[in-house]
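Student: Can we go through this model together? I'd like to start with the charged pairs and then move on to the packing.

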Amino acid sequence: MELFHYLETYDYEQVVFCHDQASGLKAIIAIHDTTLGPALGGCRMWSYASEEEALTDALRLARGMTYKAAAAGLNLGGGKTVVVGNAKTDKTEALFRSLGRYIQGLGGRYITAEDVGTDVHDMDIIHQETDYVTGISKTYGSSGNPSPMTALGVFRGMLATAKVALGTDDLSGKTIAIQGLGSVGYELAEHLHHVGAQLIVSDINDEVLRRAAEELNAKVVAPSDILSVQCDILAPCALGAVVNDQSIAHLRCQAIAGSANNQLAEERHGDALHEMGILYAPDYVINSGGLINVADELEGYQVERARAKVEGIYDIMLRLYETSSRDNLPTHLAANRMAQARIDQLRAVRSTYLEQAKNAPRRTHH
Ligand code: NAD
């Protein structure tokens, strides 16, 4: 990779390579953009096949976080850390403390959190070296597991989606198909059951399916069938890339609104959904409840305030759909446009402010 060329193309601010012989730490912290505030993004630990793969992942994910925070209305920028290593065998206290020092060294430009391969315990260790970490244990004043807030945000975003796609945000009697009843999917199913929706669900874990059938009166289908069932809204809450060349022709829904990351296999699948008249709730906007929740920690966590902000995903989604229909733009592109517009506006506000400060009459000393 031509690193500086890549940084220039997507306007990255900073990349930090962290190496510590004693602890075996090999990590990359990518800071994409801090226009809106400090870069927040999780710490992923993964056995990357190559250094280039690790770097590409850090850069790509950091940029995604810039858009996610901007679209969610947060005063945060985008960043990400990747730690090269096996999350099952290579974790040590020394490794995370060493990473914590690097994060501390950035003086608050970057704030870390849990991600694939890391957990609350790892964040607590990082916290011993720096305050620039969220998602730590509740005993340290943190918000705990973000999944319930993610599920609430998806539920609210789904209501906004229904209002546009089905002409009503009353989901009673509507059929919602959920792929994956994990931490987010099950909680989403409970919200939907509560408002009288009919559920069709699928998972690879039989236990959770039994529970959903019993507690939520859900109809269970095989994992291979869930994407093609007839329903009002499909909620992918398990895997990425579910909207792909194979699945797209079989979709029988009016809208797609779920928590999974990277639901479109490729951007062009978002264009195709637009053409087919299937309303797609851009994943990084509708699933931002967890991020909104964790961001509240930075102001001293208050659950009610966090919940109110997460519920605001309803309005954010409505605005997004307005932009999409006004400009006849597929929703995934409307989301990017909205996020970029917010960054550009606030950058302009700042530069105006700096300009004014520069032109202000200078204080004269007597
Ligand atoms: P999870 O691991 O708790 O749940 C995933 C569920 O999907 C599991 O029950 C699993 O058995 C099931 N599953 C796996 N393969 C499947 C298949 N082929 N068909 C049907 N079900 C299958 O994860 P989660 O925390 O609930 O997250 C779900 C999705 O939402 C993920 O894509 C995640 O990246 C995304 N997400 C989660 C959060 C959060 O706060 N947890 C935030 C943003 C995005």
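**Salt bridges and packing**

Tutor: There are 20 salt bridges, counting a side-chain nitrogen of Lys or Arg within 4 Å of a carboxyl oxygen of Asp or Glu. This is a predicted model, where local features need pLDDT of at least 70, side-chain atom pairs count only at pLDDT 80 or more, and totals for chains, interfaces and linings use all residues. Residues are numbered from 1 along each chain as its sequence is written, and side-chain values use heavy atoms, with hydrogens and water left out.

Student: What does Arg-211 pair with?

Tutor: Arg-211 forms a salt bridge with Glu-215, at 3.3 Å from N to O. Both are in helix H7 (residues 206-216), and since they are four residues apart, about one helical turn separates them. Helices here are DSSP runs of H or I with at least four residues, strands are E runs of at least two, and both are numbered from the N terminus.

Student: Are those two buried or exposed?

Tutor: Neither; Arg-211 is partly exposed at 35% relative accessible area, and Glu-215 is partly exposed at 43%. Buried means under 20%, exposed over 50%, and partly exposed in between, with a 1.4 Å probe and protein chains only.

Student: What about Glu-304, which residue is its partner?

Tutor: Arg-307, with the closest N and O atoms 3.6 Å apart. The two lie three residues apart in helix H11 (residues 303-311), about one turn of the helix. Glu-304 is exposed at 53% relative accessibility, while Arg-307 is partly exposed at 33%.

Student: And Arg-326?

Tutor: Arg-326 meets Asp-327 in a salt bridge of 3.0 Å, N to O. Arg-326 is exposed, at 63%, and Asp-327 is partly exposed, at 28%.

Student: Which residues do shared salt-bridge partners join into one network?

Tutor: Arg-44, Asp-57, Arg-60, Lys-80 and Asp-115.

Student: Back to H11. At what angle does H5 pack with H11?

Tutor: Helix H5 (residues 147-165) and H11 pack at about 35 degrees, and their axes are 8 Å apart. Axes are lines fitted to C-alpha atoms, for helices over the stretch in contact, and angles run from 0 to 180 degrees between N-to-C directions.

Student: Which residues make that contact?

Tutor: From H5, Met-149, Leu-152, Gly-153 and Arg-156; from H11, Val-303, Ala-306, Arg-307, Val-310 and Glu-311. Contact means heavy atoms within 4.5 Å.

Student: New topic: what's the strand order in the open sheet?

Tutor: The six strands run S9-S8-S7-S10-S11-S12, with parallel pairing. Two strands pair if DSSP finds at least two bridges between them. Strand S9 (219-220) and strand S12 (279-280) are the edges; each has a single partner strand, so one side of each lacks a neighbour in the sheet.

Student: How many bridges link S10 and S11?

Tutor: Two, between strand S10 (residues 233-236) and strand S11 (residues 255-256). Leu-234 has Ile-256 in S11 as its bridge partner.

Student: Which strands does helix H6 touch?

Tutor: Helix H6 (residues 183-194) packs on the sheet against strand S7 (175-179), strand S8 (198-202) and S10, and its direction makes about 170 degrees with that of S7.

Student: What does Glu-190 in H6 contact?

Tutor: Leaving aside neighbours within four places in sequence, Glu-190 is in contact with Arg-211, Glu-215 and Leu-216. Among these, Arg-211 and Glu-215 are the salt-bridged pair from earlier. Glu-190 is partly exposed, at 33% relative accessibility.
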